[in-house]
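Colleague: Could you walk me through this model, starting with how its strands pair and ending with its charged side chains?

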Amino acid sequence: MNQIYLPSLLSLNIRNFSLYPNNGGLDFKYDFKNGLNLFVGGNGTGKTTLTKLIKFALIGHYREQTDTSIYKGVERIKRPEYPKNYYRNRMDDGFANNNLAEVTLTFRINHSEFSVTRNLYDISLTKATFKKSGKTLKLDGAVISQDKYEKLSEKEKQKHLQ
């Protein structure tokens with residue numbers, strides 16, 4: 001029987017995201033505690049956006065509508081997507097470096113550690129690393145936006161996954 005390992009969140013680092021300005025700048029770092037982590041705050045303070053940032057960093061953006069696709073002969077339902085400008089709409093227009101806004105999530109699955117960095121302005125994966133047994137590997141490839149990826153044919157998508 002195959003074992004299923006769920007991700008264990010280690011740290012979240014948000015940079016240049018003007019929704020979370022503070023006395024030290026526009027960066028926010030959180031190291032997750034082993035066990036339950038609770039975000040508490042009043043309405044409109046960014047708790048839901050923070051939760052969506054974690055989800056976005058972990059699995060990427062969502063599809064616009066529920067749709068089905070066939071993968072290896074099995075029909076699958078695609079998940080809904082937030083608008084492409086979801087995070088951009090939460091940025092302060094007066095901040096010059098909105099295009100540099102990004103989120104990095106570091107997490108562990110079984111005995112392997114992963115780090116994923118995604119741009120919040122153009123919704124793209126900018127960096128991914130994998131660490132196991134003291135060795136760190138950077139996953140190479142062209143950085144493309146979610147929009148560009150969506151326009152690729154299934155054959156082109158498979159080529160990117162190899």
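Modeller: Happy to. Strand β7 (residues 124-132) and strand β8 (residues 135-138) pair in the antiparallel sense over 4 bridges. Helices (H or I, at least four residues) and strands (E, at least two) are DSSP runs, numbered from the N terminus, and two strands pair if DSSP finds at least two bridges between them. This is a predicted model, in which local features need pLDDT of at least 70 and side-chain atom pairs count only at pLDDT 80 or more, while totals for chains, interfaces and linings use all residues. Residues are numbered from 1 along each chain as its sequence is written, and side-chain values use heavy atoms, with hydrogens and water left out.

Colleague: Thanks! Which residue is the bridge partner of Lys131 in β8?

Modeller: Strands of a sheet pair through backbone hydrogen bonds, either parallel or antiparallel. For β7 and β8 the sense is antiparallel. The partner of Lys131 in β8 is Thr136.

Colleague: Which residue in the turn between β7 and β8 has a positive phi?

Modeller: The two strands form a hairpin with 2 residues between them. The residue in question is not a glycine, yet its phi is about 55°. With a relative accessible area of 70%, it is exposed (buried means under 20%, exposed over 50%, partly exposed in between, with a 1.4 Å probe and protein chains only). It is Ser133.

Colleague: In what order do the 6 strands of the open sheet come?

Modeller: The edge strands are β2 (28-31) and β8, each pairing on one side only. The pairing in the sheet is antiparallel, and the twist averages 15° from one strand to the next. The order is β2-β1-β5-β6-β7-β8.

Colleague: What angle does helix α1 make with β5?

Modeller: Helix α1 (residues 47-59) packs on the sheet and touches β1, β2, β5 and β6 (112-119), where contact means heavy atoms within 4.5 Å. Axes are lines fitted to C-alpha atoms, for helices over the stretch in contact, and angles run from 0 to 180 degrees between N-to-C directions. The angle between the directions of α1 and β5 is about 65°.

Colleague: Which residue in the loop between β5 and β6 deserves a look at its phi?

Modeller: Its phi is near 60°, a positive value in a residue other than glycine. With a relative accessible area of 37%, this residue is partly exposed. The residue is Asn110.

Colleague: Now for the charges: how many salt bridges does a search of the whole structure find?

Modeller: Side chains of opposite charge can pair when their charged atoms come close. A salt bridge here is a side-chain nitrogen of Lys or Arg within 4 Å of a carboxyl oxygen of Asp or Glu. One of them joins Glu113 and Arg108, with the closest N and O atoms 3.8 Å apart. The search finds 3.

Colleague: How many residues apart in sequence are the parts tied together by Arg15 and Glu102?

Modeller: The side chains of Arg15 and Glu102 meet in a salt bridge (2.7 Å, N to O). Arg15 lies in strand β1 (residues 8-15) and Glu102 in strand β5 (residues 102-109), so the parts they tie together are apart in sequence by 87 residues.

Colleague: And is Lys29 buried or exposed?

Modeller: Lys29 and Asp31 meet through their side chains in a salt bridge (3.3 Å, N to O). Asp31, also the bridge partner of Ser11 in β2, counts as partly exposed at 41% relative accessibility. Lys29 has 52% relative accessibility and therefore counts as exposed.
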